[in-house]
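I opened this entry to record what I looked up about a protein pair and a DNA strand. Two contact surfaces were on my list.

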2 protein chains.
Amino acid sequence: MTGTIDIQERILGTRCCGDEPLTDLTATTAQELSDDFLIFGHPIRLQILHMLGRNAGQVCVCDLEAALPVKQPTVSHHLRLLREAGLIDCERQGLWAYYFINRTAVAQRWAAISAYLQPLV
Amino acid sequence: MTGTIDIQERILGTRCCGDEPLTDLTATTAQELSDDFLIFGHPIRLQILHMLGRNAGQVCVCDLEAALPVKQPTVSHHLRLLREAGLIDCERQGLWAYYFINRTAVAQRWAAISAYLQPLV
DNA sequence: AGGATATATCGATCGTTGTCAATATACTCG
DNA sequence: CGAGTATATTGACAACGATCGATATATCCT
């Protein structure tokens, strides 16, 4: 049992910390994982994904702009973040850009998030 | 089929936006949900939760400080955020504070996150 | 070509969050 | 009581993210 110290030692107060690191979740893994959470960490992005999930492939930016409480450059900004994260993609048809969700990418994020959270419950 | 317009109309270019809002995810719900994601959106907090999940009830702040690449006030800061979010709790024994994970609270966040993501895959 | 429209990008501003040194608080032990 | 230690809090600063007006780009229509 390396890395653990006797509970009695701690209660009696002779020492507190063990001498082995308590984590095998590396800093880089934690960083990547926190990015997975962060991309979902904004209400506008959640609403965008929700809309794209419900309206398969038929949503253009003006649809989104009309439904969201932010201006058009802000919508474009969040669309770009979602696109760079791979969660959505778009296809230009003439003047308009039709966005759609990448369900496989969402599933991958969900899997990574769940793999982290599951041992914690 | 209110809220949908014919795909031909869009392709032919006579109009773009429908006249019904595309979302039933309210702004307040989206805000709460994004908070659920955001609390996990930092590598230090992920590492803390990971450590607490593995070492049931026996982790004090100096354990965490020793394992993490930030100073003690920063550890305390993130512990406070996690505590205010209900994800962890602590018990002071003498000079030390022993932190432990609230698995029920984590499970609730996970459920909320999954309920949102599941329809998107 | 020229006017109109949809979307993207730029650039500035602003609020939020993370970090840490310094300090406060609370406890232990001699 | 006084020195020592663990943790929390404060306050300042830096970094980052969100937002939007202005502008650029691309396309359509006449």
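My notes on the two surfaces follow.

**Protein against protein.** I am working on a predicted model. I began with the contact of chain B and chain A. It takes 55 residues from chain B and 55 residues from chain A. The two chains bury about 4800 Å² between them, and 69% of that is on carbon and sulfur atoms. I then looked for salt bridges across this interface and found zero. Polar contacts came next: I noted eight residue pairs, both residues at pLDDT 80 or more.

I listed the elements that give two or more residues to chain B's side: α1, α2, α3, β1, α4, β3 and α6 of chain B. Of these, α3(B) gives the most, with nine residues. By type, chain B's side divides into 32 nonpolar, 16 polar and seven charged residues.

**Protein against DNA.** I turned to DNA strand C. I counted 23 residues around the strand, the closest being Q72(A), S76(A), W96(A), Y99(A) and H78(B). Which part of the strand faces the protein? Of the strand atoms within 4 Å of the protein, 73% belong to sugar or phosphate and the rest to bases.

I checked three phosphate approaches.
- Y99(A) places a polar side-chain atom 2.6 Å from a phosphate oxygen of strand C.
- V61(A) uses a backbone N or O atom, at 3.1 Å from a phosphate oxygen.
- T74(B) has a side-chain N or O atom 3.1 Å from a phosphate oxygen.

α4, α5 and β3 of chain A and α5 of chain B each supply at least two residues of this surface. α5(B) gives the most, with five residues. I logged the surface as twelve nonpolar, seven polar and four charged residues.

Terms used
Residues are numbered from 1 along each chain as its sequence is written. Chains are lettered from A and ligands numbered from 1 in the order in which they are written. This is a predicted model: local features need pLDDT of at least 70, side-chain atom pairs count only at pLDDT 80 or more; totals for chains, interfaces and linings use all residues. Side-chain values use heavy atoms; hydrogens and water are left out. Contact means heavy atoms within 4.5 Å. Buried area is the accessible area (1.4 Å probe) that two parts lose on being put together, summed over both. A salt bridge is a side-chain nitrogen of Lys or Arg within 4 Å of a carboxyl oxygen of Asp or Glu. A polar contact is a pair of N or O atoms within 3.5 Å; within protein, one must be able to donate a hydrogen and the other to accept it, and residues adjacent in sequence count only if both atoms are side-chain atoms. Helices (H or I, at least four residues) and strands (E, at least two) are DSSP runs, numbered from the N terminus. Ala, Val, Leu, Ile, Met, Phe, Trp, Tyr, Cys and Pro count as nonpolar, Asp, Glu, Lys and Arg as charged, and the others, Gly among them, as polar. A residue is near a molecule or strand if one of its heavy atoms lies within 4 Å of it.
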